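Here is a colleague's note, set out in numbered points, for a reader who is meeting this structure for the first time. Please keep the model in view while going through it.

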Amino acid sequence: SETARSFVVATALGPMTIEVSYKISIVLNDTSVASPLFALPDWVSLEGVQYVPVTTHVVKSGGDWEESRVSVAAIGEWCLVSGSVAASSFEKDSLIATLPVYCRPSSRLTFSAPTVPPSFPLTLPVVVTPSGRIETVASSTSRVKLALDGIFFDVNLNRNISGNAQVSGEQKPLERVSGWHRVPVSMRQAVVEISQDGLCFLSGSISGTGT
């Protein structure tokens with residue numbers, strides 16, 4: 001990926017934030033975990049992580065966001081949003097951005113947007129409406145930065161998808177770095193699948209303990 005993208009995934013220690021760029025890192029307090037005091041989780045699931053390496057269209061944000069970087073890519077039937085917005089506070093139903101006509105669902109879709117750096121709560125809900133508006137569902141009285149990289153839906157089927165999307169393309173195992181291992185044979189091994197349209201899907205799990 002040309003830019004770092006943030007996703008919240010399931011782990012043996014509970015939900016955690018990962019950052020995907022040319023590598024995959026667990027993020028804690030805005031820093032990739034490298035401290036020997038931090039114990040790697042027994043496993044990290046990569047199901048539901050999907051992205052396009054290159055962003056195709058920058059979307060103008062709405063509202064009073066202090067920081068804004070929102071982009072959208074249309075790949076075949078899929079619409080993928082990426083980027084982030086940040087503000088010291090915001091109201092319920094605050095407009096984040098408006099998607100172009102070719103990337104709009106026919107029904108209201110709800111997604112969980114990770115907070116960056118990870119904070120409490122770890123995610124906040126956002127919705128995408130048929131008019132293309134991306135809006136907050138709740139308000140916040142403290143500074144929050146929201147990552148929009150998990151907004152991904154099929155325009156024709158009008159549904160957001162979960163981690164077991166079936167794609168036809170090239171599948172490769174992930175190269176593990178020191179400290180990470182294969183999960184037991186009862187679990188699906190971590191792989192990246194690249195579709196013919198250029199979509200990247202991560203799936204499977206990786207272990208933080210030797211197996």
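**Notes on the model**

1. A starting point is T110, whose bridge partner in strand 12 is V127. Strand 12 covers residues 123–128 and is joined to strand 11 by six bridges, the two running antiparallel. Strands here are DSSP runs of E with at least two residues, while helices are runs of H or I with at least four residues, both numbered from the N terminus; two strands pair if DSSP finds at least two bridges between them.

2. On the basis of these notes, the model is a predicted one, in which local features need pLDDT of at least 70 and side-chain atom pairs count only at pLDDT 80 or more, whereas totals for chains, interfaces and linings use all residues. Residues are numbered from 1 along each chain as its sequence is written, and side-chain values use heavy atoms, with hydrogens and water left out.

3. How far does the predictor trust the chain, given that pLDDT is its confidence in each residue, from 0 to 100? The mean pLDDT is 81, and 84% of the residues reach 70 or more. Over residues 30–37, however, the pLDDT is below 50, and this stretch has eight contacts in the model beyond near neighbours in sequence, a contact meaning heavy atoms within 4.5 Å. Residues 158–166 also have pLDDT under 50, and for them the model has 20 contacts beyond four places in sequence.

4. As for the overall make-up, the chain has 20 strands and zero helices. Of its 211 residues, 45% are buried, where buried means under 20% relative accessible area, exposed over 50% and partly exposed in between, with a 1.4 Å probe and protein chains only. Among contacts between residues at least 6 apart in sequence, 63% join residues at least 24 apart. The chain exposes about 10,700 Å², of which carbon and sulfur atoms supply 51%; these areas come from the Shrake-Rupley method with a 1.4 Å probe.

5. Strands 11 and 12 belong to an open sheet of four strands with the order 10-13-12-11 and antiparallel pairing. Strand 10 (95–98) and strand 11 (109–114) stand at the edges, each with a single partner strand, so one side of each is left without a neighbour in the sheet. Neighbouring strands of this sheet are turned by 25° against each other on average, direction ignored; the axes are lines fitted to C-alpha atoms, with angles in general running from 0 to 180 degrees between N-to-C directions.

6. Earlier in the chain, strand 2 (residues 16–20) and strand 3 (residues 24–28) run antiparallel and are joined by four bridges. The two strands form a hairpin with three residues between them, and V20 stands opposite I24 in strand 3.

7. The count of salt bridges comes to four, each defined as a side-chain nitrogen of Lys or Arg within 4 Å of a carboxyl oxygen of Asp or Glu. One of them pairs R5 with D149, the closest N and O atoms being 3.9 Å apart. R5 lies in strand 1 (residues 5–9) and D149 in the loop between strand 14 (144–147) and strand 15 (152–154), so the pair ties together parts that are 144 residues apart in sequence. R5 is buried at a relative accessible area of 3%, and D149 is buried as well at 7%.

8. Another salt bridge joins R143 to E67, with the closest N and O atoms 2.5 Å apart. This pair links distant parts of the chain, 76 residues apart, with R143 in the loop between strand 13 (133–136) and strand 14, and E67 in strand 8 (residues 67–75). R143 is partly exposed at 46% relative accessible area, and E67 is partly exposed at 35%.

9. E135 forms a salt bridge with R133, again with the closest N and O atoms 2.5 Å apart. Here E135 is buried at 11% relative accessible area, whereas R133 is partly exposed at 29%. Salt bridges that share partners also join E66, E67 and R143 into one network.

10. S84, found in strand 9, is buried at 9% relative accessibility. Leaving aside neighbours within four places in sequence, its contacts include E67, K145 and L148.

11. Which backbone angle deserves a second look at D93? Phi of D93 is near 65°, a positive value in a residue other than glycine. Most residues other than glycine have a negative phi. D93 lies in the loop between strand 9 (78–87) and strand 10, and is partly exposed at 40% relative accessible area.
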